Structure formats: structure tokens, C-alpha cells
Amino acid sequence: MKKQQGMTLEVGQTFPLTIKRLGINGEGVGYFKRGVVFVPGALPGEEIVAEATKVHPKFAEARVKRIRKASEHRVTPQCPIYDQCGGCQIQHLDYAQQLKEKRDIVKQAFEKYMPSKNLSIKDTIGMDNPWNYRNKSQFQVGTKDGQIIAGLYGINSHDLIDIPNCIVQHPFSNEITVTVKEAMQQLGIPAYDEKKKSGIVRTVIVRTGFATGEVQVVIVTISEKLPKKNQLIPMILEKHPEVKSIVQNVNNKNTSLIFGDKTIQLAGEEVINESLGELSYELSARTFFQLNPAQTVKLYNEAKKAAALTGKENVVDAYCGVGTIGLWLSDEAKEVRGMDIIPESIEDAKKNAKRHGKTNVKFEVGKAEDIMPKWIGLEGWRPDVLVVDPPRTGCDQKLINTILNSMPKRIVYVSCNPSTLAKDIKQLSKLYRVNYIQPVDMFPHTAHCEAVALLELFK
């Protein structure tokens with residue numbers, strides 16, 4: 001076999017390896033002759049025999065061939081298809097240790113981008129019961145051996161894994177998805193086949209209000225045509241009275257995005273209701289809402305603690321979604337202004353504010369980097385505190401420039417990706433001191449870790 005320049009390994013070669021830490025995707029990380037090796041399924045402290053599967057110039061990937069010395073924190077996964085699905089990358093790691101490793105993942109990110117800084121990274125805030133915590137399932141639909149299946153694509157493949165009972169999803173999600181599959185099978189409603197470009201249903205989404213028990217079902221189709229829908233809808237509603245909303249979303253594009261632009265109401269209401277603490281929210285099909293309600297309360301309380309509001313501050317809630325964080329802070333702020341690029345989210349945010357009688361909040365459609373300069377330049381309105389909760393890609397460069405120009409006294413950065421958090425904070429640290437970073441485990445048994453970082457303007 002041909003060696004790849006820069007690494008001393010060959011594909012198929014077996015070698016001893018000691019795992020030093022977890023990588024950002026939950027894989028074990030070890031070193032072979034100073035080269036980095038990533039091994040899915042391996043845990044820190046383990047001594048294994050690894051087999052190289054891919055060799056790159058600067059690193060290698062391998063699989064566990066044999067475990068010579070297992071970690072004391074290794075446990076038996078509760079999910080029978082855990083190793084096929086790939087949704088819960090570290091379900092084989094004891095939960096208490098997961099929290100420690102997630103803090104280390106955050107630490108690694110900052111060591112990469114800000115190695116000279118001695119930052120305060122607190123212990124990860126975890127869950128009392130880290131199961132059945134997700135309020136929304138998004139299962140792709142397909143056909144296998146003539147049967148309708150729904151689930152997730154397998155690890156590094158486009159093979160659909162049927163998941164009849166996901167133990168991190170709310171039980172309603174599992175039960176209703178099974179009902180939709182069985183109804184499609186009975187009625188002959190075809191799943192969409194990407195290769196053949198035929199069929200109808202692409203995805204089934206079930207969202208549950210944990211506090212209200214209300215459920216919304218979204219059926220994503222390749223076109224507006226949904227055959228037998230007049231029979232499908234009663235089959236869902238009769239078996240699941242908790243379903244308050246059934247909608248169809250049309251996505252006819254060849255894309256990895258779940259939703260298309262057009263949504264059609266099929267039955268019940270357009271929205272379902274959910275509560276966090278004392279606040280309630282209306283959620284439409286495309287609206288972003290945190291997936292773990294129990295941990296969301298903890299996350300938002302950490303954001304509130306970091307904001308340290310006294311009632312005199314102007315607050316910006318960037319990437320505001322349906323206004324969850326902004327409304328959470330509004331009781332202790334002078335005024336909160338938020339923005340988001342999804343019009344439905346802003347519409348829901350305004351409704352949520354009105355429902356709670358919040359007169360000191362304002363929401364606009366658009367990008368923060370476009371709207372903030374308008375507020376500052378035309379209206380003379382300056383933020384004292386900026387809360388930002390961006391997607392995994394982090395803050396847009398224009399937004400970072402806008403923040404550095406507007407110079408709010410405090411920045412509360414709520415992040416779902418330690419790497420982009422550290423990368424963005426490196427830029428913001430030109431003007432801001434990092435007070436602390438608080439990891440919060442929003443997704444137990446996965447490698448994902450959220451964090452709340454408090455940045456304070458240098459005086």
C-alpha cells in the first residue's frame with residue numbers, strides 16, 4: 001500500500017494507541033509518532049489497537065480493532081442502534097464524565113485560538129435526567145424492502161436507518177412518527193427517492209410542547225401534491241388527540257435544508273404553544289426554538305446572570321428567533337430590541353411580546369449588522385448589553401465589525417459551537433475582556449456543547 005506523505009501510517013495498518021482526549025466531534029484523539037489520529041468510539045485513557053482507515057498528510061483516521069484497556073467511564077449504550085445511527089456519539093460514556101469532557105472540548109477550542117489567555121471555564125451544567133429531552137424530531141422518510149421507514153442517515157453514509165424509538169426524543173415524537181409511517185404504508189403514499197427523483201414525502205417532523213403537551217406534525221413533501229391527505233389526517237388525529245396542528249411544507253429543491261419556502265395548513269392550528277418558566281410562546285412550523293426545554297431554562301438563566309441588568313440598560317437580542325432570550329431579559333432591562341432574518345420568527349416574537357404585555361421590546365426582520373447601525377446612526381439608540389445567539393457558523397464578520405464599532409459595555413455570547421465561539425471571541429478580545437465561559441449541556445450523549453460567555457469592555 002502506498003504511504004501518504006507526512007504520516008508514517010498506511011491504510012489498513014494496525015498499531016497501538018493511547019487515547020488522550022475527546023475531539024470536537026466526540027471521537028477519541030491519540031498520537032502515533034507525533035501524528036494526530038482520530039478514532040470514533042474510543043475514550044480518553046483507553047489503550048487500544050487501532051486500524052487506520054484514512055491517512056491524510058497531517059492526520060489519520062482509524063477504527064477501534066480491540067480495546068486493551070477500557071476506560072473506567074465506559075458504559076453500555078442504552079440504544080440498540082447507537083453504533084449505526086451516529087446521533088449520540090458518546091452514549092458509551094458515563095454521563096458525569098461526559099460533562100467533564102465537554103468542558104475540555106470548550107477548553108481545547110480556546111487553546112487553539114487564544115493559547116496565551118488563562119480563561120475561566122466553569123464546570124458544565126448538566127441534566128438531572130438526560131433522556132427523552134428533545135422536543136422535536138426530524139426524521140427522513142424512505143423505503144426499505146417495500147416498507148416505509150423513517151429515521152436518520154447512518155454514520156458517513158446515505159443509508160437511512162429506521163428509528164422507531166429514539167430514547168433522546170419525547171415519547172410523542174416516536175409514537176406519532178410510527179403512526180405516520182404506518183398510515184403512509186396503508187394508504188400507499190410513497191416516500192421520496194432522491195436517486196430516482198420519485199415519490200412524495202421527504203421528511204416527518206414532530207414538535208412537542210413539553211409544558212403544554214401540544215404537538216405539531218409537519219409533513220415535508222417534494223410538491224404541493226399530497227395524495228390521500230383527507231384519509232391521512234384523520235388517522236393521525238384519531239390516534240393522537242394531543243396533535244393540535246398538522247401542516248405540509250413544500251421543499252422541491254435538491255438541498256440538505258429540511259424546509260422549503262411554502263407551508264400549507266392541513267388541520268388544526270397554525271401554531272402550538274410552549275412555555276419556558278413564566279413565559280409562553282407560539283411556535284409555527286419553521287420557527288427556531290431550543291430543542292431541550294429543561295436545559296433552555298438553565299441556559300437563559302445563565303444569560304440573564306451574565307447580562308447583570310439593573311433596569312437601566314438597552315439590550316440587543318441578535319439572532320432573536322421568536323424572542324425567547326429577549327423576553328427572558330425584558331423584565332430587568334430598560335428596552336430590548338431583537339432581529340432575525342426569518343419573517344415568521346419575528347411575527348411570532350411580536351405576538352409573544354404582545355401576549356405577555358411587554359411594551360419595552362421591539363423586533364425587526366433583518367440582519368443585526370444592517371439594523372444596529374440604523375438604530376445607532378438614525379435614532380441615536382445605543383446598546384449597553386448585546387446578547388448574541390448565532391448559528392453553528394458563528395457571527396457574521398459584518399456583525400463582529402458592528403459590535404466593535406458600537407462597543408456595548410457587555411456582550412453575552414450564547415454559543416452552540418465552541419470552535420466558532422473561540423474564533424469570534426479572539427476578534428472581540430481586541431476591545432473586550434473575557435470574564436468567564438459557562439458550558440451548558442443541551443444535548444446529552446452527543447459531542448455538542450453550548451456555552452455562555454461574558455465579555456466586558458475594557459475600561
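**Exercise 1.** State how α8 and α9 are oriented to each other, and work through the geometry.

*Solution.* Helices α8 and α9 are roughly parallel to each other, a class for angles under 35 degrees. The model is predicted, so local features need pLDDT of at least 70, side-chain atom pairs count only at pLDDT 80 or more, and totals for chains, interfaces and linings use all residues. Residues are numbered from 1 along each chain as its sequence is written, and side-chain values use heavy atoms, with hydrogens and water left out.

Step 1: α8 spans residues 368-379 and α9 residues 397-406; helices are DSSP runs (H or I, at least four residues). Step 2: the two pack at an angle of about 25 degrees, their axes 8 Å apart, with axes fitted to C-alpha atoms over the stretch in contact and angles running from 0 to 180 degrees between N-to-C directions.

**Exercise 2.** List the residues through which α8 and α9 touch.

*Solution.* Step 1: α8 contributes Ala368, Glu369, Met372, Pro373 and Ile376. Step 2: α9 contributes Lys398, Leu399, Thr402 and Ser406; contact means heavy atoms within 4.5 Å.

**Exercise 3.** Find which "binding site" residues in UniProt belong to the lining of the largest cavity.

*Solution.* Step 1: the unreviewed UniProt entry lists Gln290, Tyr319, Asp340 and Asp389. Step 2: from this set, Tyr319 and Asp389 are in the lining. A cavity is a set of points on a 1 Å grid over the protein atoms alone where a 1.4 Å probe fits but cannot get out, and lining residues have an atom within 4 Å of a point. Step 3: Gln290 sits in the loop between β14 (279-283) and α5 (293-307), where strands are DSSP runs (E, at least two residues).

Key: Parallel < 35°, antiparallel > 145°, perpendicular 65-115°, else oblique. UniProt positions renumbered as here; feature names shortened; annotations may be inferred. 1 Å grid on protein atoms, 1.4 Å probe; cavity = no way out; pocket = protein on both sides within 12 Å on 5 of 7 lines; lining within 4 Å.
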